[in-house]
Every structure is written in C-alpha cells, then in structure tokens.
Amino acid sequence: MNPTLLDLKDIHEPEAIGWWPPAIGWWILAVSIPLLVICLIWLYKRFTRKTALKTAGKILLEIKQDSARDNLQKLCDLSVLVRRVAISMSPRAKAAGLTGRQWLAFLDSSVKSTPFSEGIGQLLADAPYRKTPPTELEISQLTDLCESWLKSQAKLKS
C-alpha cells in the first residue's frame, strides 16, 4: 500500500473547556464562604455581647459592695453603667440620644412591667434634680432593678 494514498485526517483536538458551568467544588465554595463569614460575625457579636454583660455584672457587684462611695456616687455609677450596656447591646442611634421619660421607657421595654417609668427606676432620670440624695434603701432597690435589667438583657440577646 502506498502511504501517500491513505485517506488520513489530521489530529482532531477537542474544544477548550469552557468556564461555565463551574464544577461542583466551585459551587460549594461559593456557598460555604459567605456562610462562614456570617457565622464568624455572629459568633463575634455573641462573644462581645456576653463579655459586655459579664463585665457589667462585675462592675455592678463592685458598686453594690463599695461602702466608700456615697449614695449619689452610686446612683451616678449605676446610671453610667446602664447607659453603657444599653448602647453596647442596642443600636447606638436607638439608645444613645434618649433622655428623661424616653430613656426610662426604653429601659422598660426589656422588662415585664414599668419599674423604670413608674417605680424606683425614676431615680435614674430625676436624681440630678432632687434636693436630697437618695437613701440607702432606694439605692439598694435601684441596684436590684439594674441587676434584673442586666439579666433580662442576657436573656433577650442570647
């Protein structure tokens, strides 16, 4: 047989592999990366939230046990503590600018009744305008109220 007479065709190369549709591994990666990022953000917020509440609990215990502070100083410290926790637990724009009755209503929103607006919690808004400093009983009741508010924050955000 004559090699020049053979009807041979040139090598036929396959078409280049296209980029679409991607392989299953790319789909899994595309789904798992955003999920991982969302989970990490959620864990970070949960960790910092719990840390803020634990720290607030320790500060509240210090305020409660410190006999060197007078009642007015304890009241100021309790007010600052509650404000800081509220700002760190809620959106800053929602809690930071509140004063007076609006502030007390905001605090009441996370507990069952209205102990801030109608109870001992009024001291947080009225104390700077009173002529007499709060009594030991009032400070004790306010400290207990702030402690129960902190516990409700822990349950509310968990």
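Q: Where does asparagine 71 sit in this predicted model?
A: We're looking at a predicted model, so take everything here as computed. Asparagine 71 belongs to one of the helices, and that helix is helix 2.

Q: Is asparagine 71 buried or exposed?
A: Its relative accessible area comes to 14%. Buried means under 20%, so asparagine 71 counts as buried.

Q: Which backbone oxygen does the side chain of asparagine 71 reach?
A: Leaving aside neighbours within four places in sequence, asparagine 71 is in contact with Pro134, Thr135, Glu136 and Ile139. One of these contacts involves a backbone oxygen, which the asparagine 71 side chain reaches at 3.0 Å. That oxygen belongs to proline 134.

Q: How far does helix 2 reach from its first C-alpha to its last?
A: Helix 2 has 19 residues. At 1.5 Å a residue, 27 Å is expected. The model comes out close to that, with a reach of 27 Å.

Q: Which helix gives the largest share of the largest nonpolar core?
A: This core has 29 residues, and Val85, Trp103, Leu107, Leu142 and Trp149 touch the most other members. Helix 1, helix 2, helix 4, helix 5 and helix 6 each give two or more residues to this core. The largest share is eight residues, and it comes from helix 2.

Q: Which residues does tryptophan 103 touch, not counting residues up to four places away in sequence?
A: Tryptophan 103 is among the core residues that touch the most other members. Once residues up to four places away in sequence are set aside, its contacts are Val82, Arg83, Ala86, Ala95 and Leu98.

Q: Why does the length of helix 1 agree with what a helix should span?
A: Helix 1 runs over residues 24-65. With 42 residues at 1.5 Å a residue, helix 1 should span 62 Å. The two figures agree because its end C-alpha atoms are 61 Å apart.

Q: Which residues are buried in helix 1?
A: A bit of helix geometry helps here: an α-helix has 3.6 residues a turn, so residues three or four places apart point the same way. In helix 1, the buried residues are Leu53, Ala56, Leu60 and Ile63.

Q: What is the peptide bond from tryptophan 20 to proline 21, cis or trans?
A: Proline 21 is found in the segment before helix 1. As background, most peptide bonds are trans. For the bond from tryptophan 20 to proline 21, omega is near 0°, and the bond is cis.

Q: How many salt bridges does the structure hold?
A: One of them joins aspartate 77 and arginine 69 at 2.7 Å, N to O. Another is formed by arginine 130 and glutamate 138 at 3.5 Å, N to O. Counting every one in the structure, the total is six.

Q: What is the relative accessibility of arginine 69?
A: Arginine 69 pairs with aspartate 77, which is buried in helix 2. Arginine 69 itself counts as partly exposed, at a relative accessibility of 24%.

Q: How many residues apart in sequence are the parts that glutamate 147 and lysine 64 tie together?
A: The side chains of glutamate 147 and lysine 64 meet in a salt bridge of 2.7 Å, N to O. Glutamate 147 lies in helix 6 and lysine 64 in helix 1, so the pair ties together parts whose separation in sequence is 83 residues.

Q: Is glutamate 147 buried, partly exposed or exposed?
A: Its salt-bridge partner lysine 64 has a relative accessible area of 36%, so lysine 64 is partly exposed. For glutamate 147 the relative accessible area is 27%, so this residue is also partly exposed.

Q: What distance separates the C-alpha atoms of glutamate 147 and leucine 78?
A: Along the chain, glutamate 147 and leucine 78 are 69 residues apart. Leucine 78 is one of the buried residues of helix 2. Between the two C-alpha atoms, the separation is 9.9 Å.

Q: Which side chain of opposite charge is nearest to aspartate 108?
A: Aspartate 108 has its place in helix 4. This residue is buried yet has no salt bridge. At 7.9 Å away, the nearest side chain of opposite charge is arginine 101.

Q: Which side chain joins that of aspartate 108 in a polar contact of 2.4 Å?
A: Not counting residues up to four places away in sequence, aspartate 108 touches Ser113, Thr114, Pro115, Phe116 and Ser117. The 2.4 Å polar contact is with one of these, serine 117.

Key:
Residues numbered from 1 in each chain as written. Predicted model: local features only at pLDDT ≥ 70, side-chain atom pairs only at ≥ 80, totals over all residues. Heavy atoms only, no water. Core = buried A, V, L, I, M, F, W, Y, C linked by side-chain atoms within 4.5 Å. Buried < 20%, exposed > 50% of the residue type's maximum accessible area, 1.4 Å probe, protein only. Helix = DSSP H or I, 4+ residues; strand = E, 2+ residues; numbered from the N terminus. Contact = heavy atoms within 4.5 Å. Lys, Arg positive; Asp, Glu negative; His and termini not counted. Salt bridge = Lys/Arg side-chain N within 4 Å of Asp/Glu carboxyl O. Polar contact = N/O pair within 3.5 Å; in protein donor to acceptor, adjacent residues only side chain to side chain. Expected span 1.5 Å × (residues − 1).
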